[in-house]
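Reader: Could you take me through this structure, please?
Author: Certainly; here it is.

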Amino acid sequence: MSASTFRFDNTYARDLQGFYVPWKPASVPSPSLLFFNQELALELGLDPEVLDGPEGAAIFAGNQVPEGAEPLAQAYAGHQFGGFSPQLGDGRALLLGEVIDRLGRRRDIMLKGSGRTPFSRGGDGKAAIGPMLREVLIGEAMDALGIPTTRALAVAGTGEPVYRQQPLPGAVLTRVAASHLRVGTFEFFGARGETQRVGQLADYAIARHDPDLVDTTDRYLALLRRVAQRQAALIAGWMNVGFIHGVMNTDNMTISGETIDYGPCAFMEAYDPDAVFSSIDHGGRYAYSNQPLIARWNLARLAETLLPLIAEEESEGAVSKAIGQATEVIDAFPEWYAAALLNGQREKLGLQGGEGGDDEPDRALAADWLTLLHQHGVDFTLGWRRLADAACGDEMPLRSLFPQPQTPDAWLARWRSRGESEGGPALAGSERAERMRRVNPAVIPRNHRVEEALSAASEKEDLAPFRRLLSALRRPYDETQDQAEYTEPAGAEVTACYRTFCGT
Ligand code: AMP
Ligand code: MG
């Protein structure tokens, strides 16, 4: 029986009254299930037999609210491109509730595109098929790459058009997240001077994401530190796969450390630190190499909301001490980020830990490799992947990525001697290559492949390219024959013109 398929336990609805508006999803004319994530459903302890059919279509399109759900629109604010919007909130999303998954983790189940809410402002509350399937593809790719992310449980077609530049088929995404707490959630109450509510929210976040801090003194400062450390690891993960989020507004930055809101995001092809794909990011605020700087900026906005709690009392002395403590955390972010980045780069380079505690030589080795890729317009993903081949003596595939086959010689010599200098038993080339292939993907969501899959789905109701691409993205480290078509970059002319749009 479908009614009990979700075992909801809704702490947000229960514990945070005043932080949301209870609301109902809109009804749609003709629900159909376009995508259902079997594996994730099992992880969540759901019954795929019930959900992967008409029942599921009705639930995931918003026509049937499952038993135990308490749909609500969350309030949040956000700094968007640097400017503060005091009231954003779920304008086209509804939290259905929370379930405990098979590993005991609490997960949010949210509909996106389920109609207008009190936070919709001028928007229609709807979503089109293309951007929702895009969220599936990129989210599943990120998950397969081991990067923390929200995930898609389902996409349901609604059978009604949504009006953008032209009418497009409508859809609703069901998204699963460790929580939907954002930096912007704190800003919403912080900006109103509602310190008691910020405290309530912080305690909720601590109980949910950092339960070991519950009874500690200085827990608000500790929360800030944890969020900063999670974000440092996350952004390093993005950087090491060439991911550009595209709209790192504070309302799109989670407390949990998961990537959220796949709008105008894209994976870089030829390595370029200045890469920007978003059509609205004119100043390059959210360019690839700016991401760690923006993360830190966003964390400073979170810190500001927490200051009155960190200070404990309102005296000038207490406040300035709190500012000092929070600043220390924000100032430590670049170090945490650099350490996480280097860890990942070492793995990608097939190297073990640092030599004698000095990270500089490895940091320089990685930086010089990236400079080489940049100077010669080499594809980021293929560059790393072919370096794995070079580790076991097969250098031609790597050399052929450069204009002259000998271009990487000097760098390769340095890399080899660094590998040989490692303490412990010498690593056989094949073993090093194998390890490198487990961290350097062959398949990423290439922009032209993503667009191809989405336009077939949106314009021709043909989901086959989407399904094929999704199955390739779920095995990013396999370079079998059937993966070959997904490993190649688009022509440079395609990438040069590639623009992404906010998925509204
Ligand atoms: P996003 O850029 O998608 O993260 O959204 C930023 C804000 O705009 C959030 O408050 C969204 O809920 C809201 N929003 C985006 N698209 C729509 C839409 N079609 N209808 C209503 N609100 C929307
Ligand atoms: Mg958003």
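**Overall fold and metal site**

Author: The chain holds 19 helices and eleven strands, where helices (H or I, at least four residues) and strands (E, at least two) are DSSP runs numbered from the N terminus. This is a predicted model, in which local features need pLDDT of at least 70, side-chain atom pairs count only at pLDDT 80 or more, and totals for chains, interfaces and linings use all residues. Residues are numbered from 1 along each chain as its sequence is written, chains are lettered from A and ligands numbered from 1 in the order in which they are written, and side-chain values use heavy atoms, with hydrogens and water left out.

Reader: How compact is the chain?
Author: Its radius of gyration is 23 Å, close to the 23 Å given by the globule rule for 504 residues, so the chain is as compact as a globular protein of that length. The radius is taken over C-alpha atoms, and the rule is 2.2 Å times the number of residues to the power 0.38.

Reader: And how much of the chain is buried?
Author: Of the 504 residues, 57% count as buried, meaning under 20% relative accessible area (1.4 Å probe, protein chains only).

Reader: Turning to the magnesium ion, which protein donors does it have?
Author: The donors of ligand 2 are Asn 252 (OD1) and Asp 261 (OD), at 1.9 to 2.2 Å from the ion. Donors are N, O and S atoms within 2.8 Å of the metal (3.2 Å for Na, K and Ca); water is not among the atoms, so sites may look incomplete.

Reader: Is Asn 252 buried or exposed?
Author: Asn 252 is buried, at 11% relative accessible area. Asp 261 also counts as buried, at 13%.

Definitions and conventions
Buried < 20%, exposed > 50% of the residue type's maximum accessible area, 1.4 Å probe, protein only.
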